[in-house]
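Q: I'd like a close look at one part of this model. Please walk me through the packing of one helix pair, then show me what surrounds it.

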Amino acid sequence: MSILDKFQNFIMEKFMGGLFERENSLSEKEDFVKFTKDSPARYEIMLEGSKYGKRSGFGPRVVPMMVSVIRNQNKVINSLKNNPEEPRTTITDEELADLVKLANKKGAGIVGYAQIPEHLVFENKAVLSTNVIVLGFEMDKEKIDTAPSVKCLHEVLKTYDDLGIVSNKIAAFLRKKGFAAHAGHPLMGAALYPPMAQLAGLASLGYSGIMISPEFGPRFRLTAVYTSIENLPKTEKDEHAWVREYCKQCKKCIKECPGGAILDEPVLHESGQITHVENTKCMPHFMNEYGCSVCIKVCPFNYTSYEQIKEGFLKKSKKS
Ligand code: SF4
Ligand code: SF4
């Protein structure tokens, strides 16, 4: 292991350890929504990664990004003390429009709303509320298309960092307006993001285990902001369910995955969760091949528009 890897491990264990304890202590707060017996355990990618080899591409250029990620993860917890004691629960249309405008201006091209079931909260974690604002941030196509590469890895990490920053900014915006807010972080979510995005009607879970949206295909990352707002315009519709039917016939990510990590048949658990990827097979490639991301690059939704694929798929389905 190189000196840089050792240094990064030291930084992560030192700062992440304390952070996890403070994060877990939220589940002792009376007014927070806690995990349930069906809650999944969170995969701690930032800590688990160090077990899988040389962490390629995580050179000196990555250090400022990781410092910013950890700073914003700490801010998620530290800023909770700024929540108003008696928060507002109703947002006006104008305020909501301003929120979306701010999110878009800061780079979140996808904004949606959902009410989440409590079992989506990770084991030992808690969230401020089941009312959620879901945010998605596009990753640059040209850079993703070079996967696996340093360029692609840096784009993924930059997106994680940018999303953590936006999430904290949205939480601060809400607090200023008198609402309570709990920012999520894409690398340290307190609850499972993909089902949230699905509940918000934003995207569907592809067989790669990655969400697929009309705007960006599989080329985006997610985070959330939990809030006291009760009247978020939630949707009942799931217009993207057809994507999973398409996946059943496509399976390109499964064939091209260098680790053989993507399951041919997804596993549906009793809790309702679905497993698509075996982490122990993905991680060696993720860590040693610049964050890999081949499954994102090869997905037809990365290079053909959602509408075009949908049209072709529906036509073909009608014929058969
Ligand atoms: S590559 Fe094919 S099977 Fe995999 S997520 Fe994309 S559309 Fe679905
Ligand atoms: S990141 Fe690479 S190894 Fe992991 S699932 Fe995707 S293609 Fe497979």
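A: Start with the crossing. Helix α3 passes α6 in a left-handed crossing. This is a predicted model, so every value here is computed from predicted coordinates. Helix α3 covers residues 62–78, and α6 covers residues 150–176.

Next, the geometry. Two packed helices are described by the angle between their axes and the distance between the axes. For α3 and α6 the angle is about 30°. Their axes lie 9 Å apart. Angles under 35 degrees count as roughly parallel. The two helices are therefore roughly parallel to each other.

Now the residues at the contact. From α3 come V62, M65, S68, V69, N72, Q73, K75 and V76. On the α6 side they meet L157, K158, Y160, D161, G164, I165 and N168.

Follow the chain back from α6. P148 sits in the loop between α5 (141–144) and α6. The peptide bond joining A147 to P148 is cis, with omega at about -5°.

Helix α6 also matters for the core count. The largest nonpolar core holds 85 residues, and V134, L135 and M196 touch the most other members. Helix α6 gives the most to this core, with 11 residues.

L135 shows how the pieces meet. Leaving out residues up to four places away in sequence, L135 touches A103, A108, I110, V111, L163, V166, S167, L222, T223 and A224. Among these contacts, L163, V166 and S167 fall within α6, residues 150–176. A108, I110 and V111 fall within β2, residues 108–115. A103 falls within helix α4, residues 93–105.

L135 itself is in strand β4, which spans residues 131–138. That leads to the sheet. The sheet is open and has 4 strands, in the order β2-β4-β8-β5, with antiparallel pairing. Its edge strands are β2 (108–115) and β5 (181–183), and each pairs on one side only. From one strand to the next, the twist averages 25°.

Strands of a sheet pair through backbone hydrogen bonds, either parallel or antiparallel. Here, β2 and β4 pair in the antiparallel sense over 7 bridges. One bridge can be named: G112 has V134 in β4 as its partner. V134 is also one of the three residues listed as touching the most other core members.

Helix α4 lies across this strand pair. It contacts both β2 and β4, and runs at about 135° to β2.

Go past β2 to the loop before β3 (126–127), and you reach N124. N124 is not a glycine, yet its phi is positive, at about 70°. N124 has 17 C-beta neighbours inside 10 Å, so it counts as partly exposed.

A similar backbone feature turns up later in the chain. K251 is also not a glycine, and its phi is positive at about 55°. K251 lies in the loop between α8 (242–250) and α9 (252–256). With 13 other C-beta atoms within 10 Å, K251 is partly exposed.

Finish with a residue in helix α13 (residues 306–319), I309. Leaving out residues up to four places away in sequence, I309 touches Y246, P300, F301 and T304. I309 has 18 C-beta neighbours inside 10 Å and counts as partly exposed. The C-alpha atoms of I309 and Q115 are separated by 30 Å, and these residues are 194 apart along the chain.

Note on methods:
Residues numbered from 1 in each chain as written. Chains lettered and ligands numbered in written order. Predicted model: local features only at pLDDT ≥ 70, side-chain atom pairs only at ≥ 80, totals over all residues. Core = buried A, V, L, I, M, F, W, Y, C linked by C-beta atoms within 7 Å. Buried ≥ 20, exposed ≤ 12 C-beta atoms within 10 Å, placed from the backbone. Contact = placed C-beta atoms within 7 Å. Pairing = 2+ DSSP bridges. Axes fitted to C-alpha atoms, helices over the stretch in contact; angles between N-to-C directions. Parallel < 35°, antiparallel > 145°, perpendicular 65-115°, else oblique. Left-handed = near helix turned anticlockwise from the far one by under 90°.
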